[in-house]
Amino acid sequence: MKVEEPLAIYGIKKNDLDSDIELINHARSGVQTKMLWDFLKVIKTSKSDFEELLPYSLKTFSRKSTLDESMGERILTIIRVFKVGEEFFGDVAPFKDWINRYNPILGDCPKNYLKTTTGCQVIIDTLGRAAHGVMA
């Protein structure tokens with residue numbers, strides 16, 4: 001199953017995550033917490049492993065059925081990164097391996113960049129450059 005496939009249930013079309021405007025519109029409309037749980041199942045990651053990327057505990061998430069705009073944007077941005085990674089590597093599993101290994105270009109493990117929206121964009125940009133053969 002592809003990263004974006006379960007998102008259709010929540011009204012997010014395949015290319016919506018490619019557009020900053022669409023991503024923001026979905027965040028403003030309210031991202032359902034269940035979508036996050038479904039995403040974690042697709043990428044085969046536990047809630048506790050994912051929790052370190054978020055500014056709130058999963059207990060806080062569990063109490064909400066819909067996320068506020070800033071948290072919704074954060075989750076959708078992380079999903080966008082996984083979508084780009086899946087497209088680059090052909091599957092989410094090698095992308096997960098890549099984000100967990102030290103990257104000399106980034107000077108850190110890419111996973112640590114997932115903690116901020118700017119860091120997420122750095123990962124997307126890094127993969128974009130690699131796709132075009134530009135490593136620095």
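The dialogue below walks through several helices and single residues of a predicted model.

Q: How are α5 and α6 placed relative to each other, and what angle do their axes make?

A: The general idea is that an angle from 65 to 115 degrees counts as roughly perpendicular. In this predicted model, helix α5, residues 69-89, packs with helix α6, residues 92-99, at an angle of about 110°, and their axes are 8 Å apart. The two helices α5 and α6 are therefore roughly perpendicular to each other.

Q: Which residues of α5 and α6 meet, and how do they divide into nonpolar, polar and charged?

A: On the α5 side the residues are Val 81, Phe 82, Gly 85, Glu 86 and Phe 89, and on the α6 side they are Val 92, Pro 94, Phe 95, Lys 96, Trp 98 and Ile 99. The residues of this contact divide into eight nonpolar, one polar and two charged.

Q: How does one read the length of a helix such as α8, and what span is expected for its 15 residues?

A: The idea is to compare the distance from the first C-alpha to the last with the span expected at 1.5 Å a residue. Helix α8, residues 117-131, reaches 21 Å, close to the 21 Å expected. Just after α8, Gly 133 takes a positive phi of about 80°.

Q: Which residues of α8 are buried, and where do they fall when seen down the axis of the helix?

A: A residue is called buried when its relative accessible area is under 20%. In α8 that description fits Gly 119, Cys 120, Ile 123, Ile 124, Thr 126 and Leu 127. Seen down the axis of α8, these buried residues fall within an arc of 160°, so they line one face of the helix. The buried residues of α8 pack against α5, α6 and α7, the last of these being residues 110-113.

Q: How many of the ten residues of α2 are buried, and what do they pack against?

A: Helix α2, residues 33-42, is mostly covered, since eight of its ten residues are buried. They are Thr 33, Met 35, Leu 36, Trp 37, Asp 38, Phe 39, Leu 40 and Val 42. Their packing partners are β1 (31-32), α3, α4 (58-62), β2 (66-67), α5 and α6.

Q: Is Thr 33 buried or exposed, and which residues does it touch?

A: Thr 33, which is found in α2, counts as buried at 3% relative accessibility. Leaving aside residues up to four places away in sequence, Thr 33 touches Phe 61, Lys 64, Ser 65, Thr 66 and Leu 67.

Q: What is the phi of Lys 44, and where does this residue lie?

A: As a general point, most residues other than glycine have a negative phi. Lys 44, which follows α2, has a positive phi near 55° although it is a residue other than glycine. Lys 44 lies in the loop between α2 and α3 (47-51), and is exposed, with a relative accessible area of 71%.

Q: How is separation along the chain set beside separation in space, for instance for Asn 112 and Lys 64?

A: One compares a count of residues in sequence with a distance from C-alpha to C-alpha, and Asn 112 and Lys 64 are 48 residues apart in sequence and 26 Å apart in space. Asn 112 has its place in helix α7 and is partly exposed, with a relative accessible area of 32%. Asp 49, in helix α3, counts as partly exposed at 41% relative accessibility, and its C-alpha atom is separated by 23 Å from that of Leu 17, 32 residues apart along the chain.

Notes. Residues numbered from 1 in each chain as written. Predicted model: local features only at pLDDT ≥ 70, side-chain atom pairs only at ≥ 80, totals over all residues. Heavy atoms only, no water. Axes fitted to C-alpha atoms, helices over the stretch in contact; angles between N-to-C directions. Helix = DSSP H or I, 4+ residues; strand = E, 2+ residues; numbered from the N terminus. Parallel < 35°, antiparallel > 145°, perpendicular 65-115°, else oblique. Contact = heavy atoms within 4.5 Å. Nonpolar A, V, L, I, M, F, W, Y, C, P; charged D, E, K, R; others polar. Expected span 1.5 Å × (residues − 1). Buried < 20%, exposed > 50% of the residue type's maximum accessible area, 1.4 Å probe, protein only. Arc of directions from axis to C-beta.
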